[in-house]
Amino acid sequence: MRSTLLAWTVAGSLLLGGVASPVFSGGKVADAKAIEVSDPVVTYNTKSCVYFGNYYQRDTNQDGVADEKDTREPIKWQILSQTEDDLFLMADSCLVQRRYHESDGDITWENCDLREWLNKDFLETAFTEEEQQAIVTTHLVNDEREPDSPWYESFVEENIYNGGNETDDKIYLLSANELENRDYDIYLEHGIEAPVTDYAGTKHGTYAGTSETTEGWWLRSSGKEASKAALVYDRAEESLQGDYANKLAYVRPVLHLNRKADVFRDAGEVKLWLEKTSWDTIAMGEYYQEDTSKDGVVDESDEKQPLTWRVLSVEGDTAYVMADQAIAFKKYHDYSQALKKGWETATLRTWLNGDFYNQAFSEEEKQAIISYETPQREGTDMSETENRICLPMYEDITNEAYGFSGNDNQFFQTLTRQCQATQYAKQELTFNGDETGYNYWLLNLVNNNANALVILSDGEVERTNIGMKTDTPYVAVRPVMYVDLSSDCWKKVGTTEADDSAVYYARLKEYDEQKDWWKKSDTDEPGGDEKQKEPVQQAASNTETGTNSVTANTTQTTESSGNTEKSKTDSTAVQMKRVSIRSVRNKKSKKMVVVFKAINHASGYQIQYALNKKFTRGSKTKTVKKTKCTIGKLKKKTYYIRVRAYAKTEGAKTYGSWSAVKKIKIKK
């Protein structure tokens with residue numbers, strides 16, 4: 001369903017774009033064949049936009065800098081909400097860099113310099129007299145420590161300062177509460193990421209990464225100290241801490257506009273996030289995959305079966321395809337040494353273009369595989385290499401034209417990049433892997449060719465400056481190749497889909513269970529009010545109910561240790577509510593602080609943390625009485641954390657369900 005102006009919708013499509021073509025050589029088959037496959041079909045979650053006002057944005061006079069000498073251009077605004085008379089608008093881009101307040105010391109929105117600038121200089125520069133008249137003056141409540149505030153307990157616990165008196169403004173900034181408003185749909189990475197205009201990036205010079213700036217855009221809410229203001233970073237839950245008000249940060253204004261005024265025009269839609277992809281799939285080649293002999297072992301004594309490939313792009317009669325499943329688990333390089341010539345000398349390249357190539361494809365099929373050169377990479381030792389079979393590149397796996405989410409945030413999970421594996425591939429493993437999928441190699445080398453990039457089991461991009469050691473075992477191999485579609489060696493077998501809306505709503509549910517506890521009574525189930533439950537149910541209908549019932553003389557197993565503990569209770573069942581984790585944050589000295597909501601009648605809590613989601617790697621459990629705990633002696637790795645409550649009756653323990661899993665990267 002297509003969106004129309006001033007309406008929320010989910011839709012969109014993507015044209016083929018932006019990846020440099022490889023250099024092909026040989027392997028072309030002359031006979032023409034009808035092309036039955038096409039580029040991936042991609043749909044987006046979108047917001048409608050309008051143009052209103054004009055401001056400096058680009059270097060229109062071509063003098064090499066975007067400044068006040070350039071022509072002001074129409075400002076695009078996202079529509080956050082609408083009524084018959086009103087449009088609530090947020091700038092689609094960060095429009096300028098400014099300090100919240102020029103001097104240091106205690107400050108609130110009421111008296112900050114940024115408020116004055118927005119309602120005077122910016123208002124008069126960006127809008128005509130008629131446009132200014134159409135902007136509705138909004139009465140703002142700025143102290144978010146009031147008991148009915150969604151952030152109330154978080155503000156109190158984090159010692160967030162008083163936001164100041166109420167104000168009346170034409171142009172202003174979002175508050176932390178408004179950022180969380182489900183009606184505006186701007187939480188999580190999809191809505192809070194904002195492009196930066198050239199003018200915003202150069203108005204005060206290039207400050208990114210220096211001590212004088214903080215990356216992110218200002219909120220009007222106060223920060224953890226009276227001299228700080230809240231910010232939106234790449235992950236919105238970090239915003240409450242804020243930064244010093246006299247630092248530079250980006251500005252993304254909001255305003256209310258009289259809808260009946262004839263001062264705005266349609267600006268189409270903006271794509272928030274890639275929601276769903278459908279790939280055509282083809283069969284070509286054969287390889288060991290399943291236990292066809294039924295002897296209980298998947299090995300070379302089984303029959304080979306057709307390999308399925310996803311079509312990532314089609315250009316003329318050439319298709320770029322990627323294996324639908326991992327076909328093996330291999331080291332990128334068998335030896336613990338940096339690859340002096342990069343991919344050219346990797347043992348995995350030798351295996352793919354040797355053993356696998358020869359075992360999986362007939363001579364005719366080999367003729368239909370187009371040999372190509374991987375590009376040389378500036379700043380690395382990755383030289384041009386000729387391949388028939390290769391690994392996907394980072395540029396492939398973040399290319400929305402190929403059907404993958406373009407979000408490469410290391411904490412961003414996406415079904416579009418997740419990978420399952422054949423039974424034959426998994427027989428090499430000494431563990432069962434993650435329920436979501438398996439880590440798999442990318443072609444890209446980092447750290448002086450000692451490490452290679454990896455896509456993690458839940459679709460995250462492993463840190464792009466670190467990756468994994470090339471001799472790391474049990475990383476999946478998901479090959480790519482170019483196929484001549486005019487050959488008769490392949491056939492279309494169908495389509496496969498990945499729907500990231502399920503991930504989005506599941507993450508929203510997890511967040512709501514951890515943050516929206518202020519809307520629940522002690523007897524409510526996790527999930528918040530009905531309005532918030534509704535979209536969650538379609539994506540996460542099989543989640544836990546939130547309670548665990550244990551009757552007399554039953555046995556409860558502690559997952560972290562495998563020990564069983566007898567739970568002796570009265571004949572009446574004991575019910576323990578599911579814990580909601582409020583926050584997990586990294587402290588200095590490799591520590592993390594876990595804060596969660598208290599449960600009525602709980603005798604204590606178990607905190608379990610591990611290096612994987614299944615809590616099978618490096619799993620440890622800590623028993624505490626309080627709802628805030630500092631855990632030390634950690635490694636600089638990603639940890640998964642969950643909490644459950646327990647009650648003691650006659651010395652035995654009754655456990656509740658585990659909380660939703662939180663994860664944190666230990667960086668300091």
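Colleague: Where is the place of E116?

Modeller: This is a predicted model, and in it E116 sits in helix α1.

Colleague: Is E116 buried or exposed?

Modeller: E116 is exposed, because its relative accessible area is 52%, and the cut-off for calling a residue exposed is over 50%.

Colleague: Which residues form the negative surface patch?

Modeller: The negative patch on the surface is made up of E116, D121, E124 and E129, and helix α1, which covers residues 113-126, supplies the largest share of this patch with three residues.

Colleague: Now the other charge: which residues gather in a patch of positive charge?

Modeller: That patch, also on the surface, brings together R617, K620, K633, K635 and K637.

Colleague: Where does K635 lie, then?

Modeller: K635 belongs to the loop that runs between β35 (628-631) and β36 (638-649). With a relative accessibility of 48%, K635 counts as partly exposed, since that class takes in values between 20% and 50%.

Colleague: Changing topic to helix α7, how far apart are its end C-alpha atoms?

Modeller: The end C-alpha atoms of α7 (residues 347-360) are 18 Å apart, which agrees with the 20 Å that its 14 residues should span at 1.5 Å a residue.

Colleague: And how many of the residues of α7 are buried?

Modeller: Ten of the 14 residues are buried, so α7 is largely enclosed by the rest of the structure.

Colleague: Which residues in α7 are buried?

Modeller: Among them are T347, L348, R349, W351 and L352, and further along the helix N353, G354, F356, Y357 and A360 are buried as well.

Colleague: On to the backbone: what is the phi of K294?

Modeller: K294 has a positive phi of about 60°, although K294 is not a glycine. That deserves a remark because most residues other than glycine have a negative phi.

Colleague: Where is K294 found, and is it buried or exposed?

Modeller: You can find K294 in the loop between β15 (265-288) and β16 (304-315), and K294 is exposed, as its relative accessible area is 69%.

Colleague: What about the phi of N449?

Modeller: N449, which is not a glycine either, has a positive phi of about 65°, and N449 is located in the loop between β21 (440-446) and β22 (451-455).

Colleague: Does N449 count as buried or exposed?

Modeller: N449 counts as buried, because its relative accessibility is 3% and the cut-off for buried is under 20%. To put the two loop residues side by side, K294 is exposed, whereas N449 is buried.

Terms used
Residues numbered from 1 in each chain as written. Predicted model: local features only at pLDDT ≥ 70, side-chain atom pairs only at ≥ 80, totals over all residues. Heavy atoms only, no water. Patch = residues over 30% accessible without salt bridge, like charges linked within 9 Å, V, L, I, M, F, W, Y side chains within 5 Å. Areas by Shrake-Rupley, 256 points an atom, 1.4 Å probe, with all protein chains shown as cover. Salt bridge = Lys/Arg side-chain N within 4 Å of Asp/Glu carboxyl O. Lys, Arg positive; Asp, Glu negative; His and termini not counted. Charge placed at Lys NZ, Arg CZ, Asp CG, Glu CD. Helix = DSSP H or I, 4+ residues; strand = E, 2+ residues; numbered from the N terminus. Buried < 20%, exposed > 50% of the residue type's maximum accessible area, 1.4 Å probe, protein only. Expected span 1.5 Å × (residues − 1).
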